[in-house]
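Let's take a walk through a protein model together. Have the sequence and the 3D view ready, and follow along as we go.

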Amino acid sequence: MAASEETEALIGRVAMRDQKAFAVLYKRTSPKLYGVCLRIIGNRTDAEEVLQEVYVKIWQRAEQFAPSEGRAMPWLAAIARNRSIDFVRARKPVADEIDSAYDLADTEPDPEEQAIVKGEGRRIDRCMEELEADRARAVRSAYVEGLSYQELADQHSVPLNTMRTWLRRSLIRLRECMDR
């Protein structure tokens, strides 16, 4: 008797609630069906859980199998595949997909945010004008261009600690100006 015919015979016996036949069916087909579940789900623990549900469905639906309509293994694999897909769909709510698509729609700031940023930019420019010219250049170079303290100290021909003091005091003055 060929393997396919044996599996069909086992399903027929399972339809008659033969528990021994069910155990043999599980032993022969579970590695293949586990592979189907694992490939779709991608997680061993979840695939094992879904595999158990697949065999419950096989137990419940064995009488629906008709050898004249197809072979046994594709029928079993379809149950495993469908149950695995259902599991994946249930795990990821549709709302998450809609929310993520909505979030991707437009990353540009809205007009109100643009106005606020422009206003803040003008305030910063006004406050920068209150700083001494060399201090303002140092602040811009540090926080816009990303120069290091050492690079700034070399550029302005001052000791490193003096540059640190300039930047710290300049930021304090800028914060005070922005708070007004």
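Here is a short tour, from the overall layout down to single residues.

## Two domains

Keep in mind that what you're looking at is a predicted model. The protein chain is split into two parts: domain 1 covers residues 1-91, and domain 2 covers residues 111-179. Measure between their C-alpha centres and you get a separation of 69 Å.

## The largest nonpolar core

Start with the largest nonpolar core, which has 25 residues. Which of them touch the most other members? Those are I11, L25, L33, C37, V54 and I58. Four helices each give two or more residues to this core: α1 (3-15), α2 (19-41), α3 (44-61) and α4 (72-91). The top contributor is α2, with 8 residues.

Now zoom in on V54. Leaving out residues up to four places away in sequence, V54 touches L33, C37, I79, A80 and R83. There is also a second, separate core, this one with 16 residues, and C127, L152, A153 and W166 are among them.

## T7 in helix α1

Next, find T7, which sits in helix α1. Is T7 buried or exposed? The relative accessible area of T7 is 10%, and buried means under 20%, so T7 counts as buried. Who are its contacts? Skipping residues up to four places away in sequence, T7 touches L25, T29, A72 and L76.

## Where α8 meets α9

Jump to helix α8 (residues 149-156) and helix α9 (residues 160-179). Their axes come within 8 Å and cross at roughly 105°. Angles from 65 to 115 degrees count as roughly perpendicular, so that is the word for how α8 lies relative to α9.

Which residues make this contact? On the α8 side, look for Y149, Q150, L152, A153 and H156; on the α9 side, they are L160, M163, R164, W166 and L167. Sort the contact residues by class and you find 7 nonpolar, 2 polar and 1 charged. You've already met some of these names: L152, A153 and W166 also turn up in the second core.

## S141 in helix α7

Last stop: S141, which lies in helix α7 (residues 133-143). With a relative accessible area of 7%, S141 falls under the 20% limit and is therefore buried. Which residues does S141 touch, not counting those up to four places away in sequence? The list is G146, L147, L152 and Q155. Notice L152 once more: that residue is also part of the contact of α8 with α9.

Key
Residues are numbered from 1 along each chain as its sequence is written. This is a predicted model: local features need pLDDT of at least 70, side-chain atom pairs count only at pLDDT 80 or more; totals for chains, interfaces and linings use all residues. Side-chain values use heavy atoms; hydrogens and water are left out. Buried means under 20% relative accessible area, exposed over 50%, partly exposed in between (1.4 Å probe, protein chains only). Contact means heavy atoms within 4.5 Å. Domain bounds come from an automatic or database domain assignment. Axes are lines fitted to C-alpha atoms, for helices over the stretch in contact, and angles run from 0 to 180 degrees between N-to-C directions. Angles under 35 degrees count as roughly parallel, over 145 as roughly antiparallel, 65 to 115 as roughly perpendicular and the rest as oblique. Ala, Val, Leu, Ile, Met, Phe, Trp, Tyr, Cys and Pro count as nonpolar, Asp, Glu, Lys and Arg as charged, and the others, Gly among them, as polar. A nonpolar core is a set of buried Ala, Val, Leu, Ile, Met, Phe, Trp, Tyr and Cys residues joined through side-chain atoms within 4.5 Å.
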